[in-house]
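Trainee: I have the model open and would like to understand the labels people attach to it. Could we go through them and set each value against its cut-off?

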Amino acid sequence: MLTIDKIFQASVALKPIIRETPVARANGIASHCQLYLKPENLQNTGSFKLRGSGYKIANLSDEEKARGVIACSAGNHAQGVALAATKCGISSLICLPDSAPISKVEATKGYGAQVCLVNGCYDDAYQKALEIRDEKGYTFVHPFDDEDVIAGQGTIGLEILNDLDDVDAILVPIGGGGLISGIACAVKAMSPRTKVYGVQAAGAPSMFNSVRAGKIECLPAVSTIADGIAVKQPGVNTFELVNKYVDDIALVTEDEISSAILALIEKQKMIAEGAGAVSVAAAMYRKFPLEGKRVVSVVSGGNIDVTSLSRVIERGLIKSGRSSQLLIELIDKPGQLKDVSRIIADCGGNVVSVHHERGGDTESINGCYLRIGMETRNYQHVQEIAQALKDAGFKLV
């Protein structure tokens with residue numbers, strides 16, 4: 001079984017490979033607690049994955065290094081294995097699901113690995129990697145269900161406790177469970193009072209379901225913008241460690257993840273991918289009892305595909321009430337749009353789009369619909385504008 005001694009050994013072995021990411025206070029994101037961030041999105045390769053793969057590869061025998069390594073990944077583990085292998089002067093082949101963001105595929109190649117794209121999700125890439133391993137004799141570097149990999153990830157827990165005194169809780173993203181297993185093992189050995197909470201996307205609740213069922217369960221499918229934690233089935237080792245050390249697991253929705261990404265950009269000037277933002281979303285939306293507590297959210301990665309970032313931001317704006325729409329039923333006569341615009345402006349809203357629809361199912365034969373897109377402060381601001389329009393006699397649909 002994994003021990004704290006092994007995690008300390010990993011921290012020594014990883015010093016030439018990784019950078020220590022200092023814990024930073026996060027103001028304005030979760031007012032009910034003292035929130036800090038462990039920014040592994042600033043790690044080499046943009047993700048914590050370099051820690052586990054780096055320690056695993058450092059421990060390989062000369063014979064294993066000569067044969068080369070193979071791995072499977074949604075993207076971040078791929079880059080970690082590629083960089084660690086290149087630093088050791090050995091060859092690497094990475095199987096990625098064909099749904100992986102192009103940026104992650106290209107980055108993996110850029111770190112010196114060969115890439116094999118596999119139709120499907122992470123678990124399909126995993127099976128393909130095992131087939132090639134058996135055929136070619138490569139050493140397989142598992143993304144999470146490996147003791148060396150878990151020990152490498154556990155060094156994050158040591159760094160958090162070294163940077164910050166009296167930590168009440170640590171929030172950790174969960175995919176296959178390697179990250180939280182390592183962190184929880186380290187933290188419970190060093191600071192047993194500190195709670196370790198896991199967070200999964202609602203569209204990929206593999207560990208959440210398995211822990212509640214008391215046995216490992218495999219999801220039929222996963223669907224989430226947090227592609228880095230879109231895993232159908234947790235590992236055997238990680239399932240056991242999570243049951244032993246982790247205090248609770250919660251789920252966050254796609255809208256909550258998007259809001260967390262947006263909050264990190266606005267409040268911290270920090271880019272996080274969906275998987276990295278789930279721990280922040282859990283703090284923002286009070287998934288655990290954190291009132292007045294000193295809390296650390298592990299931002300596990302920042303390798304978000306820039307082509308999807310604008311869609312994520314838009315979704316976050318809608319979720320937080322920063323972007324909204326009103327549909328107003330009017331009598332089609334001059335001056336109506338002027339009156340509506342004036343009321344919105346007087347309330348401090350900003351009209352960004354106007355769509356006028358004649359006809360349709362309106363009460364009056366002379367009726368029409370006016371669809372207004374607005375920039376607003378929050379949901380309360382939207383309600384204030386809506387009430388002002390109602391008070392002026394306008395009918396909101």
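Mentor: Gladly. Let's start with what counts as a helix: a DSSP run of H or I of at least four residues, with numbering from the N terminus. By that rule K269 sits in a loop, between α11 (254-268) and α12 (274-284). Keep in mind that this is a predicted model.

Trainee: What makes the phi of K269 stand out?

Mentor: K269 is not a glycine, yet its phi is positive, about 55°. Most residues other than glycine have a negative phi. R286 also has a positive phi of about 55° without being a glycine, and its place is the loop between α12 and β10 (294-299).

Trainee: Why does K269 count as exposed?

Mentor: Its relative accessibility is 68%, and exposed means over 50%, so K269 earns the label.

Trainee: And what makes R286 partly exposed?

Mentor: R286 has a relative accessible area of 46%. Partly exposed covers what lies between under 20% and over 50%, so 46% puts R286 in that class.

Trainee: Why is T376 called buried?

Mentor: T376 has 6% relative accessibility. Buried means under 20%, so T376 qualifies. You will find T376 in the loop between β13 (367-375) and α15 (379-391).

Trainee: Which residues does T376 touch?

Mentor: Leaving out residues up to four places away in sequence, T376 touches G321, R322, S323, S324, H381, V382 and I385.

Trainee: How do you know that the side chains of T376 and S324 make a polar contact?

Mentor: The distance between them is 3.4 Å. A polar contact needs N or O atoms within 3.5 Å, so this pair is in.

Trainee: What makes D148 and K6 a salt bridge?

Mentor: Their closest N and O atoms are 2.9 Å apart. The cut-off is 4 Å, so the pair passes. D148 belongs to helix α7 (residues 147-163) and K6 to helix α1 (residues 4-13), so the pair links distant parts of the chain, 142 residues apart. Both D148 and K6 are buried.

Trainee: How are R67 and E63 placed in helix α3?

Mentor: R67 and E63 are four residues apart in helix α3 (residues 62-67), which means about one helical turn separates them. They form a salt bridge, with the closest N and O atoms 3.1 Å apart. R67, at 37% relative accessibility, is partly exposed, whereas E63, at 57%, is exposed.

Trainee: How do you know that R212 and D248 form a salt bridge?

Mentor: Their N to O distance is 3.5 Å, and the limit is 4 Å, so the bridge counts. R212 lies in helix α9 (residues 206-213) and D248 in strand β9 (residues 248-252), so the pair ties together parts 36 residues apart in sequence. R212 is partly exposed at 47%, and D248 is partly exposed at 31%.

Trainee: How many salt bridges does the structure hold?

Mentor: The structure holds 22 salt bridges. There is also a network of them that links K38, E40, R51 and E159.

Trainee: How many disulfides does the structure hold?

Mentor: Zero. A disulfide would need a pair of cysteine sulfur atoms within 2.5 Å. As for individual cysteines, C33 is buried at 7% relative accessibility, and C368 is buried at 2%.

Trainee: What makes β5 and β6 edge strands?

Mentor: First, the sheet: four strands form an open sheet in the order β5-β4-β3-β6, with parallel pairing. β5 (114-118) and β6 (139-140) each have a single partner strand, so one side of each is left without a neighbour in the sheet.

Trainee: How do you know that β4 and β5 pair?

Mentor: Two strands pair if DSSP finds at least two bridges between them. Five bridges join β4 (residues 92-97) to β5, so the condition is met. One example is L93, whose bridge partner in β5 is Q114.

Trainee: And what does the whole chain look like?

Mentor: The chain has 15 helices and 14 strands. Its C-alpha trace spans about 85 × 45 × 40 Å along the principal axes. Of the 397 residues, 56% are buried.

Methods:
Residues numbered from 1 in each chain as written. Predicted model: local features only at pLDDT ≥ 70, side-chain atom pairs only at ≥ 80, totals over all residues. Heavy atoms only, no water. Helix = DSSP H or I, 4+ residues; strand = E, 2+ residues; numbered from the N terminus. Buried < 20%, exposed > 50% of the residue type's maximum accessible area, 1.4 Å probe, protein only. Polar contact = N/O pair within 3.5 Å; in protein donor to acceptor, adjacent residues only side chain to side chain. Contact = heavy atoms within 4.5 Å. Salt bridge = Lys/Arg side-chain N within 4 Å of Asp/Glu carboxyl O.
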